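Welcome! Please take a look at the sequence and the 3D structure below before reading on.

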Amino acid sequence: MRIAIIGQQDFGKAVLEAFLARGDTVAGVFVAPEKEGAKPDPMRVAAQEKGLTVFQFPSLKAPEAVAAMKGLDADIGIMAFVLQFAPQEFVNIPKHGTIQYHPSLLPKYRGPSSINWPITKGEKKTGLTIFRPTDGLDEGAVILQKETPISENDTLGTVYFDRLFPMGVAAMVEAADLVVAGKHKEVVQDESQASYEGWFRAAEAKVNWNQHVDWIHDTIRGADPAPGAWTTIGGKKLQLFGSRKHLVRTFGAVKGKIGEITQIDAESMRVTAQGGQVEIAKVKPEEGKKISAAEWAKAAGVAPGTILGT
C-alpha cells in the first residue's frame with residue numbers, strides 16, 4: 001500500500017520501519033519541528049537517511065500541510081505518536097482516511113499521559129487502541145484494540161517498552177491492512193465510559209507519605225522512569241524508583257513513623273506509610289545521578305530514623 005506517516009520519536013520511527021520492512025511505499029513523512037537545541041528526532045533522521053520525503057510543518061492546519069498531503073496520493077494515513085493537532089481536512093485526504101494509535105483502552109484514559117495514569121490508579125489491565133482521529137481528543141471510532149495486564153510491580157517502563165510499544169507497532173500494520181482491504185469495523189466510543197486525564201508531570205508525581213502504601217507504590221511505579229516520583233529531604237528533591245510494597249495486615253503493627261526510613265539493606269531501603277512500607281531500590285538526588293538507595297544513603301549520611309518529606 002502507499003502510505004503517509006505522521007509521527008515522531010522512537011515509536012514513529014519503529015512504525016515507519018515496520019511498513020518499509022514489508023515493502024509498503026512511504027509516500028511522505030510528517031514530523032513535528034524540533035525545538036531549538038533539542039536532540040534530532042529519530043523518526044526524521046531515519047526517514048531522511050532512507051531518502052524519504054519529510055515535511056516539518058509548525059501546524060498541520062496550515063494550507064501547506066494540507067497541500068502536501070494531497071500531493072502524496074496516499075492510500076491511508078498513519079498517525080504514530082502525534083502531539084500536533086490534525087484537522088479533518090488533513091486526515092481525510094488519503095483514500096481510506098487516517099488511523100491513529102493511542103496507548104490506552106479508549107474511551108478510558110483519553111489524554112497525553114494515558115500510560116502513567118492506569119498504573120498510578122492501580123488498574124489491573126491497560127492496552128492500546130487504533131482509532132479514527134476526529135477534532136475531539138481521542139474520541140474517534142475504534143478500529144482495533146489490544147489488552148495487556150498490569151502486574152503489581154509493573155512500571156511505566158515495563159508496560160510501555162516491553163508491551164505497548166511493540167504491540168502498538170504491530171497493531172498499526174494490522175489495522176492498516178484491515179482498513180485498506182475494507183474488512184474493518186468502526187465502533188463508536190461509549191461516552192458514558194469515557195475518562196480524560198491531563199499530563200502526568202512533576203506535580204502529579206509528588207509522594208504524599210500520609211497516603212496508603214498502595215497509593216504510594218502505584219505513584220512511584222506509574223512515574224518510573226519518567227517523570228520520576230519524588231519526595232524531599234532537607235528541602236531538596238529526591239526521586240524514587242523500583243518500588244515494592246510490603247503490607248501489614250495487623251492494625252498498629254507498622255514499624256516506624258509515616259515517611260520514616262526504617263531499614264537500609266545492601267541495595268534498597270524501606271519507608272513507612274499508612275498500612276505498610278515501600279521498599280525503594282534506586283533514588284536520584286537533586287544534584288546527582290540515579291544510584292541504589294543504599295549507596296545514596298551511605299554517601300549522604302542517611303540512617304534509619306530519617307524522615308522523608310522534610
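The following report walks through a group of paired strands and how they are covered.

Keep in mind that this is a predicted model. A good place to begin is strand S5, which spans residues 98-102. This strand is mostly covered, with five of its five residues buried. The cover reaches both faces of S5: Thr 98, Gln 100 and His 102 are buried on one side, while Ile 99 and Tyr 101 are buried on the other.

What does S5 pair with? Strand S4, residues 76-80, pairs with S5 in the parallel sense, and Ile 78 has Ile 99 as its bridge partner in S5. Strand S6, residues 125-131, is also joined to S5, and these two run antiparallel. Here Gln 100 stands opposite Phe 131 in S6.

Now move along to S4. This strand is mostly covered too, as five of its five residues are buried. Ile 76, Ile 78 and Ala 80 are buried on one side of S4, and Gly 77 and Met 79 are buried on the other. Besides S5, S4 has strand S1, residues 2-7, as a partner in the parallel sense. In that pairing, Ile 3 stands opposite Ile 76 in S4.

The table gathers the pairings.

| Strands | Sense | Bridges |
|---|---|---|
| S1 and S4 | parallel | five bridges |
| S4 and S5 | parallel | three bridges |
| S5 and S6 | antiparallel | three bridges |

To trace the pairings in the structure, you can go from S1 to S4, then from S4 to S5, and then from S5 to S6.

How values were computed: Residues numbered from 1 in each chain as written. Predicted model: local features only at pLDDT ≥ 70, side-chain atom pairs only at ≥ 80, totals over all residues. Heavy atoms only, no water. Buried < 20%, exposed > 50% of the residue type's maximum accessible area, 1.4 Å probe, protein only. Helix = DSSP H or I, 4+ residues; strand = E, 2+ residues; numbered from the N terminus. Pairing = 2+ DSSP bridges.
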